[in-house]
Amino acid sequence: MLLHAPAKLNLCLYLGGRRDDGLHQLCSLFEPLALADLLKVEPAERDEVLCPGVEGPPEQNLAALALAALRDAGWQREPLRIEIEKRIPVAAGLGGGSADAAAVLRLAAGEVAELPAIAAALGADVPSQLRPSLALVRGAGERVEPLPRPAEHAALLLPGGGGLSTAEVFAEADRLGLGLGREPAELDELAGRLRAAAGAGASPLSYPELLVNDLEPAARSLRPEIGAALDQLRAADAELAILSGSGPTAVGLFAGPAAARAAAEQVEEAEAIVCEAGLAPPRTFSRERVQ
C-alpha cells in the first residue's frame, strides 16, 4: 500500500496567549499542497517505521509515535513495516512530520474511535491532516473546521535549507519581546473574517490583507535570508509572498502552475519547488522538471 502525506501551508498564523498546557492559542488557515511524502506500508513480523536520510532515533519519528499510539489504543491490525520517502523538506514549516503521522493514523480510520484526540496529542499540525483540506484551525491546532476547496492557485516554495525548529522560533520571539498573545476576542474576530473570505471557495489571492504570520519577525531574526527569499519571490512577480509556519520556507502564491513555473526560472534557489495548492493530488513539480 502506498500512502500520500501532503505538506501543509500556513496561509496565515495568528497567535494568542499560552494555555495551561503551555501551548499557544492560534488562528490559522491550513491548506494542503500537492507536494507529498510517500509511505510504503506492508505486513511485517513486527512494527517498524523507517525514514532513510532523516537523522534521529527512528522511534522518535512522528509516524512511529503515531503507530505506537494506535497500538496503545487497541488497534489490532497485523504488524506493519512503514518506509517513508521524504519529499517534503524537513523542519521547513511545511508540516512534513505531522503529515506522515496523520497518514499512519488514517490507516485506522473507522477502527479507532479517538483518532482526533490521538492526533492532537502528537502535535498541533496533526489533527488538520487527518483529512487534508483547506481548513480554519483554532485552539492549539485541535479545532479543525473544513472549508470549501479554493479556486485554483499554485505555490513556489523556497525551503531555505530547512532545519529551523518551531521551538527555536518561539524562543526567539520571546527573546525579541514580540509579545505573542493576541486577545481571545481578536482571534475570534479574525476567525470570522477568514471564514467569510475563504468560505465561498475564493482563492487566497483575493484576501491578502488577512494572510499575516505572527512568527515571521522571529524567523527572520534567526534566518535573515528569509527576507531575501521573500524579496526574490516578489521580484519574480509572485502575487503574494509569505512565510509558512515557523519557517524557513518562503512561499510565493500565483494564479496557477504556469505562472509559478515561470517564476521558478527567475529565482536563484536550487531547491525551488512548484506545486499546486489547496488540494492534495499526488502531483509535484521540482525545479528540474519545470521545462
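This report describes the largest pocket of a predicted model and then helix 4, one of the elements that line the pocket.

The largest pocket has a volume of about 1200 Å³, and among the 46 residues of its lining, Leu-62, Gly-95, Ser-98, Asp-125 and Thr-166 are the closest to its centre. Two or more lining residues come from each of strand 1, strand 2, strand 3, helix 1, helix 2 and helix 4, with strand 1 giving the most, namely five residues. The make-up of the lining by residue class is set out below.

| Class of lining residue | Number of residues |
|---|---|
| Nonpolar | 24 residues |
| Polar | 16 residues |
| Charged | six residues |

Helix 4, which spans residues 166–176, has Val-169, Phe-170, Glu-172 and Ala-173 as buried residues. Seen down the helix axis, these buried residues of helix 4 fall within an arc of 160°, and they therefore line one face of the helix. This agrees with a general feature of the α-helix, in which there are 3.6 residues a turn, so that residues three or four places apart point the same way. The buried residues of helix 4 pack against strand 1, strand 2 and helix 6, the last of these covering residues 216–222, while the face turned away from the buried side carries Ala-167 and Arg-175, both of which are exposed. Just after helix 4, the backbone at Gly-177 takes a positive phi of about 70°.

Strand 1 thus appears in both parts of this account, as an element that gives residues to the lining of the largest pocket and as a packing partner of the buried residues of helix 4.

Technical notes:
Residues are numbered from 1 along each chain as its sequence is written. This is a predicted model: local features need pLDDT of at least 70, side-chain atom pairs count only at pLDDT 80 or more; totals for chains, interfaces and linings use all residues. Side-chain values use heavy atoms; hydrogens and water are left out. On a 1 Å grid over the protein atoms alone, a cavity is a set of points where a 1.4 Å probe fits but cannot get out, and a pocket is an open set with protein on both sides within 12 Å along at least five of seven lines; lining residues have an atom within 4 Å of a point. Grid points are joined across faces, edges and corners, and a volume is the space filled by probe spheres set on the points. Helices (H or I, at least four residues) and strands (E, at least two) are DSSP runs, numbered from the N terminus. Ala, Val, Leu, Ile, Met, Phe, Trp, Tyr, Cys and Pro count as nonpolar, Asp, Glu, Lys and Arg as charged, and the others, Gly among them, as polar. Buried means under 20% relative accessible area, exposed over 50%, partly exposed in between (1.4 Å probe, protein chains only). The arc is that of the directions from the helix axis to the C-beta atoms. Contact means heavy atoms within 4.5 Å.
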